[in-house]
Structure formats: C-alpha cells, structure tokens
Amino acid sequence: EFKGNNNNIKKGKPISPIILQVLILQDLASNALKHGTGKIHFQILPNYFIVSNQIRRDKKNAEISRHVGLGALKAISRRLGLKIDFIKSESEFKVCLFLNI
C-alpha cells in the first residue's frame with residue numbers, strides 16, 4: 001500500500017477545505033473521469049485520504065495522459081506543505097494525500 005507518514009507534512013496552519021476542494025479534489029476527479037472507468041473510491045483516514053479508480057481498459061475512447069495534471073498536483077501540494085503519493089498498477093491508480101487539517 002502507501003509508504004509514508006504524516007511526519008513528512010510541514011507543520012503550520014491547517015489547509016482550507018475550499019482550497020483542498022478546488023485545487024486538488026476537482027483535479028483528481030477530472031483525471032479519474034478522463035482516464036478511468038468513472039467510479040472513484042475515497043478512503044478517509046485521520047491524517048490522509050486515498051482516492052482510487054480503475055484504469056480504463058478501452059484505450060480507444062480514453063484520453064492520452066501526458067501527466068501534466070499529476071505534475072501540477074505535486075507542485076500545488078508542495079506549495080501547500082502537503083505530501084502526495086501516486087501509485088499506478090496495470091488496473092488501478094491511487095493517490096494518497098497526507099493532510100494537515
């Protein structure tokens with residue numbers, strides 16, 4: 001599963017839920033809809049959450065990924081002092097975001 005812990009989070013002010021929603025969650029949902037099957041699973045834990053989706057097998061109708069969105073998510077997370085991890089297998093994509101809330 002995910003390696004890491006909340007010790008990697010910079011200590012400071014809690015992140016605003018509005019910033020979290022607009023900058024991160026909407027981008028994750030958009031990526032999952034573009035490249036996945038349309039079903040998104042959220043697992044919420046005390047200091048982090050996991051967003052996962054099945055990767056679309058029908059490559060004909062899937063958009064080509066250039067990983068620009070993932071790079072932007074990493075940059076935004078870094079600016080906000082958050083740690084984000086991506087894990088991709090043949091069939092599933094997961095994002096783990098460690099939060100300071």
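From the N terminus on, the elements of this protein follow the pattern α-β-β-α-β-β, and the model examined in the exercises below is a predicted one.

**Exercise 1. Elements and sheet**

Determine how many helices and strands the protein has, and in which order the strands form the sheet.

Solution. Counting the elements gives two helices and four strands. The four strands form an open sheet, in which the order is β1-β2-β4-β3 and the pairing is antiparallel. At the edges stand β1 (36-44) and β3 (83-88), and because each has a single partner strand, one side of each is left without a neighbour in the sheet. Direction being ignored, neighbouring strands of this sheet are turned by 15° against each other on average.

**Exercise 2. Pairing of the edge strands**

Work out how many bridges join β1 to β2 and how many join β3 to β4, and find residue partners for each pair.

Solution. Starting with β1, one finds that six bridges join this strand to β2, the two running antiparallel. The connection between β1 and β2 is a hairpin of three residues, and within the pair His41 stands opposite Ser52 in β2. Turning to β3, one finds that six bridges join this strand to β4 (residues 92-98), again with an antiparallel course; here Lys83 has Phe98 of β4 as its bridge partner.

**Exercise 3. The setting of Asn53**

Decide whether Asn53 is buried or exposed, and identify the residues it touches.

Solution. Asn53 is found in strand β2, which spans residues 48-55. Its relative accessible area is 7%, and since the cut-off for a buried residue is under 20%, Asn53 counts as buried. Leaving aside residues up to four places away in sequence, Asn53 touches Ala32, Gly36, Lys39, Ser91, Glu92 and Phe93.

**Exercise 4. The nonpolar core**

Establish which residues of the largest nonpolar core touch the most other members, and which elements each supply at least two of its residues.

Solution. The largest nonpolar core has 15 residues, of which Leu20, Ile24, Leu28, Phe49, Leu73, Leu97 and Leu99 touch the most other members. At least two residues of this core come from each of α1 (17-35), β2, α2 (68-79) and β4. Taking Leu28 as an example, and not counting residues up to four places away in sequence, one finds that it touches Val51, Leu73 and Val95.

**Exercise 5. The whole chain**

Find what percentage of the residues count as buried, and what share of the accessible surface belongs to carbon and sulfur atoms.

Solution. Of the 101 residues, 33% count as buried. The accessible surface comes to about 6,900 Å², and 54% of it belongs to carbon and sulfur atoms.

Technical notes
Residues are numbered from 1 along each chain as its sequence is written. This is a predicted model: local features need pLDDT of at least 70, side-chain atom pairs count only at pLDDT 80 or more; totals for chains, interfaces and linings use all residues. Side-chain values use heavy atoms; hydrogens and water are left out. Two strands pair if DSSP finds at least two bridges between them. Axes are lines fitted to C-alpha atoms, for helices over the stretch in contact, and angles run from 0 to 180 degrees between N-to-C directions. Buried means under 20% relative accessible area, exposed over 50%, partly exposed in between (1.4 Å probe, protein chains only). Contact means heavy atoms within 4.5 Å. A nonpolar core is a set of buried Ala, Val, Leu, Ile, Met, Phe, Trp, Tyr and Cys residues joined through side-chain atoms within 4.5 Å. Accessible areas come from the Shrake-Rupley method with a 1.4 Å probe; for residues, only the protein chains shown count as cover.
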